[in-house]
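Student: Before we discuss this protein, could you set out the terms we will use and show how each one is applied?

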Amino acid sequence: WSRRERSPALAAAAAWYALALAPVSGIVQYGAAHSVADRFAYLPSLGLSALFGAVILRARGSARRVALAGAGLVLILWGALSWKQAATWKDSIALWERTAHLEPSALAFDNLSVAQGARGLSAAAVLSDRRALALDSTYFRAYANLGSALKAVGRDGEPEQAWRRGLAVAPDSPLLLSLLGEHLCAEPEPDRCRG
């Protein structure tokens, strides 16, 4: 900002970057958590990329060759980093494991649990939801998924306990009510299904 008089293009590119990144930066919260959404940095980077291209175009003679060589090296580096980052997006388990490692949250561990459960890794899903609830005991979706994972690994009685603990946190949750209701109606005692 202090160089805006001498370098207005740099100030404009920096301002564009900051403004376009603000909705997903975590400073200004908009919508769901964006901790895994590195794709939201693409649009803000356009201003910096345009500035970078303008510098190369304005260079003359040997300075232009040096700028083009530097640009080539930067592009190779960015390509290698992009290749490495793409591994994070290989599948849902890789994505949420990385997210939970970098920014541990109930959301990250619960989504990891869902991905593990979908892959048939129910024991791992139980552990992930227990970690989610250790971070935030009011995150009712983790209770729902924990109960489902416990049911998948055959832990009798524990799914019902998980869903009831979740209902203590979110008594009007249709998800928890339906999971518990379905579970109770499947029990051999038909009276448990009433009420």
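The dialogue below goes from the helices to the core, the rings and the salt bridges.

Tutor: This is a predicted model, in which local features need pLDDT of at least 70 and side-chain atom pairs count only at pLDDT 80 or more, whereas totals for chains, interfaces and linings use all residues. Residues are numbered from 1 along each chain as its sequence is written, and side-chain values use heavy atoms, with hydrogens and water left out.

Student: How many helices and strands does the protein chain have, and what makes a stretch count as one or the other?

Tutor: A helix is a DSSP run of H or I with at least four residues and a strand a run of E with at least two, both numbered from the N terminus. The protein chain has 9 helices and 0 strands, so the order from the N terminus on reads α-α-α-α-α-α-α-α-α.

Student: Why is His183 called buried or exposed?

Tutor: Buried means under 20% relative accessible area, exposed means over 50%, and partly exposed is what lies in between, with a 1.4 Å probe and protein chains only. His183, in helix α9, has a relative accessible area of 10% and therefore counts as buried. Ser113, whose place is in helix α5, is buried as well, because its relative accessibility is 3%. In the protein chain, buried residues make up 28% of the 195 residues.

Student: What is His183 in contact with, leaving aside its neighbours within four places in sequence, and how do you know that two residues are in contact?

Tutor: Contact means heavy atoms within 4.5 Å. With the neighbours within four places in sequence left aside, His183 is in contact with Lys151, Glu160 and Trp163; on that basis Ser113 is in contact with Ala125, Ser128, Asp129 and Asn145.

Student: What makes a set of residues a nonpolar core, and which residues have the most contacts inside the largest one?

Tutor: A nonpolar core is a set of buried Ala, Val, Leu, Ile, Met, Phe, Trp, Tyr and Cys residues joined through side-chain atoms within 4.5 Å. The largest one here has 27 residues, and Leu146 and Leu176 have the most contacts inside it. The elements giving two or more residues to this core are α4 (92-102), α5 (106-118), α6 (122-135), α7 (140-152), α8 (158-169) and α9 (174-186), and α7 gives the most, with 6 residues. Apart from its neighbours within four places in sequence, Leu146 is in contact with Val126, Asp129, Arg130, Leu133, Ala162 and Arg165.

Student: Why are Phe52 and Trp78 called a tilted aromatic pair?

Tutor: Rings of Phe, Tyr and Trp (its six-membered ring) pair if their centres lie within 6.5 Å, and planes under 30 degrees apart count as stacked, over 60 as edge-to-face and the rest as tilted. By this rule there is 1 aromatic pair. Phe52 and Trp78 are 6.3 Å centre to centre with 50° between the planes, so the pair is tilted. The pair links distant parts of the chain, with Phe52 in helix α2 (residues 42-58) and Trp78 in helix α3, 26 residues apart. Phe52 is partly exposed at a relative accessible area of 34%, and Trp78 is partly exposed at 45%.

Student: How do you know that Arg119 and Asp91 meet in a salt bridge?

Tutor: A salt bridge is a side-chain nitrogen of Lys or Arg within 4 Å of a carboxyl oxygen of Asp or Glu. For the side chains of Arg119 and Asp91 the N to O distance is 3.0 Å, so the pair meets the rule. This pair links distant parts of the chain: Arg119 is in the loop between α5 and α6, and Asp91 in the loop between α3 and α4, 28 residues apart. The structure holds 4 salt bridges.

Student: What makes Arg130, Arg155 and Glu158 one network?

Tutor: The side chains of Glu158 and Arg130 meet in a salt bridge at 3.5 Å, N to O. Glu158 lies in helix α8 and Arg130 in helix α6, so this pair ties together parts that are 28 residues apart in sequence. Arg155 also forms a salt bridge with Glu158, the closest N and O atoms being 3.0 Å apart. Salt bridges that share partners thus join Arg130, Arg155 and Glu158 into one network.
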